[in-house]
Amino acid sequence: MNTKYEELLTDESFQRWLSHTASAQEYKKWATWLKADSSHQAIFEKAELVWESIQFSTDPIPDIELELSRLQDRLNLKTQKRITMKSYFSKKGIAQLSANFSNVWHKGGAWPRYTALATAMFIVLLTWRFLPLLTNPGDQAVQTISTQFGERERIILADGTKIILNANSRFQFQKVVESSGAFQVELLGEAYFDVTPGGKDFQQPRFLIETADGIVQVIGTKFTVHYRGEGTTVVVEQGSVRILVSGSHKNPGEVENNAVVLSQGNLLKFNKGDKILNPKMTNVAVHTSWWTEQLIFDNTPISIIVKRLEETYNVNIEMQNPQLLQQCISGSIENGDLQIIIIALAKIMQCTIQKQNDTIVFIKN
Amino acid sequence: MIKPEQPKIPDGQKLWDKMLDGDDQALASLFSLYYPMLYNYGMKISYQQDLVKDSIQDIFAYIWEKRRSISQVNSVSAYLLAAVRRKLVKSIESERKRQYATQELEKESSQIVSSTEDLIIETGENAEQEAKLNNALQKLPSRMHEALYLKKYEALSYKEISKIMKVSPQVARNYVFEAVQRLRLLLGTTTI
């Protein structure tokens, strides 16, 4: 009688039954067995106790992705991530991206690596341009600087001022304001400014940045300006800027009513004609990280991130469930290329990615 | 309305075939898919994390490099588990030989390092009984422990366990039988 337990517990069908992996047939068989004899219930309970008592601790698993790249390094399968080549995002690029995505599965494990080609297609190209000629803005050759999708331009002016023009943006020198000697530029798109202090007595604006919504007056500061047709957003990382909202007054010299000074940590989104201006405190890094190595999010709605990716990479991104757009995420993602960002985002959102025509669709797992 | 395709469920066998055809993404997927299982099993055989990690690296490097001469396998998981075991046992043996070059080795004990501490017995109420169980399980022969692990944790068949542990299915079954018997005796279920 004593061997009864061992016999049962070494029976594979019985084991499956205890582990709830038995087939319907097996289940029926054991249910019948259970009722066949009044002693079977007690036997079952004790057998189950023994079986359940076998618990193995599991060790923390090492970083699988790291281990995988070790293997790929060793077998020379590693993709080259940082290829700088001038190629923009064609439909072919998206096709290649999706071809890789189709191999991506997600079930708790690490993500497979991607091929070099698609990676290179979606990298943001960063070019450098030195502009000693800014002192002569009449020079037609340097009046306009524009970037394509997936292209970023770093402009260094003779006085050390740095401007980083984001993808799909245009930067146009308008004029030198005679009274102050400031440069007036027009921005369409997005740019980060690190303006070297100067000007007359360090008091006069060095820069006037104009969008359709108004003018940003700068003395010497670090900030970012975003304008893509739906209001202008200015975020100040360091120093302060003065915003003159366009409306009835077009000339910055005359405007007083709808002007506001933004200081460090402030964000202001404004539209042409706005009367009430409400600068808010913000996590500056969220707005300036687009040109750095890490994209930073701080309770940022997915909708904003998606919009930014679409603006930067000329892709369409959709959520199968539009409610996903309202979700907010915090943290950072390597700002390497579109594919890395998309995959990281999908991982965070627990989504799989599919390409439908020219659209990348996120599908909740 | 575009109907989305079903998300792909990883299938070890299909990935294996693709890998044999030279698909390096399939290799990556296989690696990610089986890594937790192989690592956990490896840690049951050796305590040395780095040794287990390196062994898994070696195995995947080997199957990739020899993919043209590797045939189809009946069970990818059993194949890989067996490879982990073979690799680790070999490493441990050569380590022992190095350490105790002058000593005669006991055959059984040289095979694998026992790691029974990780066998946790959850009896719940009775602390005294629990201590007794744990104490007894420290002495559980390692092969019995290993067979029990593969059976209970990985839910492998005796046939698969026999291939991994290089014993007959009947012996694999006997290991489980005996391990279970010890547990039952300790849990005091001798009387009905």
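Author: A residue is buried if 20 or more other C-beta atoms lie within 10 Å of its own, exposed if 12 or fewer, and partly exposed in between, with C-beta atoms placed from the backbone. This is a predicted model: local features need pLDDT of at least 70, side-chain atom pairs count only at pLDDT 80 or more, and totals for chains, interfaces and linings use all residues. Residues are numbered from 1 along each chain as its sequence is written, while chains are lettered from A and ligands numbered from 1 in the order in which they are written.

Reader: OK, is A:Asn168 buried or exposed?

Author: Look in the loop between strand E5 (162-165) and strand E6 (170-176) of chain A; strands are DSSP runs of E, at least two residues, and helices are runs of H or I, at least four, numbered from the N terminus. A:Asn168 has a positive phi of about 55° there, although it is not a glycine. Because 21 other C-beta atoms lie within 10 Å, A:Asn168 is buried.

Reader: And what does A:Asn314 count as?

Author: A:Asn314 is also a non-glycine residue with a positive phi, near 55°. Its loop runs between helix H9 (302-313) and strand E17 (316-319) of chain A. A:Asn314 has 19 C-beta neighbours inside 10 Å, so it counts as partly exposed.

Reader: How far apart are the end C-alpha atoms of helix H4 of chain A?

Author: Helix H4 covers residues 40-53, so there are 14 residues to span at 1.5 Å a residue. The expected span is 1.5 Å times one less than the number of residues. That comes to 20 Å, and the model agrees, with the end C-alpha atoms lying apart by 20 Å.

Reader: What arc do the buried residues of H4(A) cover?

Author: The buried residues are A:Lys46, A:Ala47, A:Val50 and A:Trp51. They lie on the same side of H4(A), which follows because their arc around the axis is only 140°. On the other side, A:Gln41, A:Ala42 and A:Glu45 are exposed. Taking the directions from the helix axis to the C-beta atoms, the arc is 140°.

Reader: Which helix gives the largest share of the largest nonpolar core?

Author: A nonpolar core is a set of buried Ala, Val, Leu, Ile, Met, Phe, Trp, Tyr and Cys residues joined through C-beta atoms within 7 Å. The largest has 57 residues, with B:Phe31, B:Leu38 and B:Ala147 touching the most other members. The largest share, 12 residues, comes from residues 24-45 of chain B, helix H2.

Reader: Which residues of chain A does B:Phe31 touch?

Author: Contact here needs C-beta atoms, placed from the backbone, within 7 Å. Leaving out residues up to four places away in sequence, B:Phe31 touches B:Phe60 and, in chain A, A:Leu68 and A:Leu71.

Reader: How many residues of helix H7 of chain B are buried?

Author: H7 runs over residues 142-152 and is mostly covered. The buried ones include B:His145, B:Ala147 and B:Tyr149. Of its 11 residues, the buried number is 8.

Reader: Where in chain B is confidence lowest?

Author: pLDDT, the predictor's confidence in each residue from 0 to 100, averages 75 in chain B. Over residues 102-126 of chain B it is below 50. Where pLDDT is low, the predicted coordinates should not be read in detail. Helix H3 (residues 49-65) is highest at 92, and lowest, at a mean of 41, is helix H5 (residues 107-111).

Conventions
Two residues are in contact if their C-beta atoms, placed from the backbone, lie within 7 Å.
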